[in-house]
Amino acid sequence: MSEVKQRGQAILLTGPPLAGKTSTAMKWAEQRPRTTAPIDWDELRSVLFRGQGVQSATDVSLQYRFAAKIASATAAHITASGIDCVIAGPRVPASPTDPPEWVSVWDDLDQLDPITIVLLPSLEARLERRRMDTNRLHGRGAITEEQVRESHRWAWQAWAENPRAAVLDTTDMTREDVLSAVERAVLDILTRSRVRQSGQ
């Protein structure tokens, strides 16, 4: 009889645009001692809707939801095989005013009891990244200054109320500092979870 594998851990690396989610997820997965598969929500969205021009708000909502569902389903298969999985993607905590179709977008991921790490550099740092990255100024990956400012007003700090989440101010961190901070946050959350479970 084959030994049952322990499920891997699902990790959501989130935050506003230009927080460094994707590059951090890829590099962190590469250097971890545990095998970790990275998933880029934005790449999924781009592949699913490649060739699309400017879309309406309804189309953008559909893209977001499709990519979230596929990322979550993929993470479920990866973690079921005993491998950790990190998803880089934007997820703001739900609010009472959100429409039901948005509130349920990440339900499948929540079934995996994910750890959520929020990368939250300052608005000034994100605006500077936009100025330095020509892909963010023009073309397919473009993001306007107003979009950067608007996304910074979203309720990212609300994640701090979740015992399975951590919010990291990465403004003055180097790339290596961010990678170390993410690993420490994940280990701290896992340790606290084990302590809570052992006390039950």
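Let's start on the outside. On the surface, L48, L62, F66 and I70 make up a nonpolar patch, and together they have about 300 Å² of accessible area. Before I go on, please keep in mind that this is a predicted model.

Where does the patch come from? Its largest share, three residues, is supplied by helix α3, which covers residues 57-80. L48 sits in helix α2, residues 41-48. Its relative accessible area is 37%, so L48 is partly exposed.

Let's stay with helix α3 for a moment, since S72 lies there too. Is S72 buried or exposed? The relative accessibility of S72 is 1%, so this residue counts as buried. And what does S72 touch? If we set aside residues up to four places away in sequence, the answer is I87, W106, D108, L109 and L112. Please remember W106, as I will come back to that name.

Next, the charged pairs. How many salt bridges does the structure hold? There are twelve, and I'll walk you through a few.

Take E30 and K27, whose side chains meet in a salt bridge at 3.2 Å, N to O. Both belong to helix α1, residues 21-31, and because they are three residues apart there, about one helical turn separates them. E30 is exposed, with 60% relative accessible area, while K27, at 29% relative accessibility, counts as partly exposed.

A similar story plays out in helix α6, residues 123-132. There, R131 and E128 are three residues apart, so about one helical turn lies between them. These two form a salt bridge, with their closest N and O atoms 2.9 Å apart. R131 is partly exposed at a relative accessible area of 47%, and E128 is also partly exposed, at 35%. Salt bridges can also share partners, and in that way R32, R34, D84 and E183 are joined into one network.

Now for a pair that reaches across the sequence. The side chains of D110 and R91 meet in a salt bridge, 2.9 Å from N to O. D110 is in helix α5, residues 107-110, while R91 is in the loop between β3 (84-88) and α4 (100-103), so this salt bridge ties together parts that are 19 residues apart in sequence. As for their surroundings, D110 is partly exposed with a relative accessible area of 34%, whereas R91, at 11% relative accessibility, counts as buried.

On to the rings. The count of aromatic pairs comes to three. One of them is Y64 with W106: the ring centres are 6.3 Å apart and the planes stand at 85°, which means the pair is edge-to-face. Here is W106 again, as promised. Y64 belongs to helix α3 and W106 to the loop between α4 and α5, so that the pair links distant parts of the chain, 42 residues apart. Y64 and W106 are both buried.

Another aromatic pair is W154 with W156, and this one is tilted, with 6.2 Å from centre to centre and 40° between the planes. W154 is partly exposed, at 38% relative accessible area, but W156 counts as buried, at 1% relative accessibility. Going back to Y64 and W106, they form one aromatic cluster with W41.

Finally, let's go inside. In soluble globular proteins, nonpolar side chains tend to be buried together. In this model, the largest nonpolar core has 21 residues. Which residues have the most contacts inside that core? They are I117, L119, V182 and V186. The elements giving two or more residues to this core are β1 (10-14), α1, β3, β4 (115-119), β5 (165-168) and α9 (175-198). Of these, α9 gives the largest share, eight residues.

I117 makes a good place to look around. Leaving out neighbours within four places in sequence, I117 is in contact with I11, L12, L13, T14, A166, L168, V182, A185, V186 and I189. Apart from this core there is another one, with 16 residues, including A10, A67, A71 and V105.

If you would like to explore the model yourselves, you could begin with I117 in the largest core, then move to the cluster of W41, Y64 and W106, and finish at the surface patch of L48, L62, F66 and I70. Thanks for listening!

Key:
Residues numbered from 1 in each chain as written. Predicted model: local features only at pLDDT ≥ 70, side-chain atom pairs only at ≥ 80, totals over all residues. Heavy atoms only, no water. Patch = residues over 30% accessible without salt bridge, like charges linked within 9 Å, V, L, I, M, F, W, Y side chains within 5 Å. Areas by Shrake-Rupley, 256 points an atom, 1.4 Å probe, with all protein chains shown as cover. Salt bridge = Lys/Arg side-chain N within 4 Å of Asp/Glu carboxyl O. Helix = DSSP H or I, 4+ residues; strand = E, 2+ residues; numbered from the N terminus. Buried < 20%, exposed > 50% of the residue type's maximum accessible area, 1.4 Å probe, protein only. Contact = heavy atoms within 4.5 Å. Phe/Tyr/Trp six-rings, centres within 6.5 Å; stacked < 30°, edge-to-face > 60°. Core = buried A, V, L, I, M, F, W, Y, C linked by side-chain atoms within 4.5 Å.
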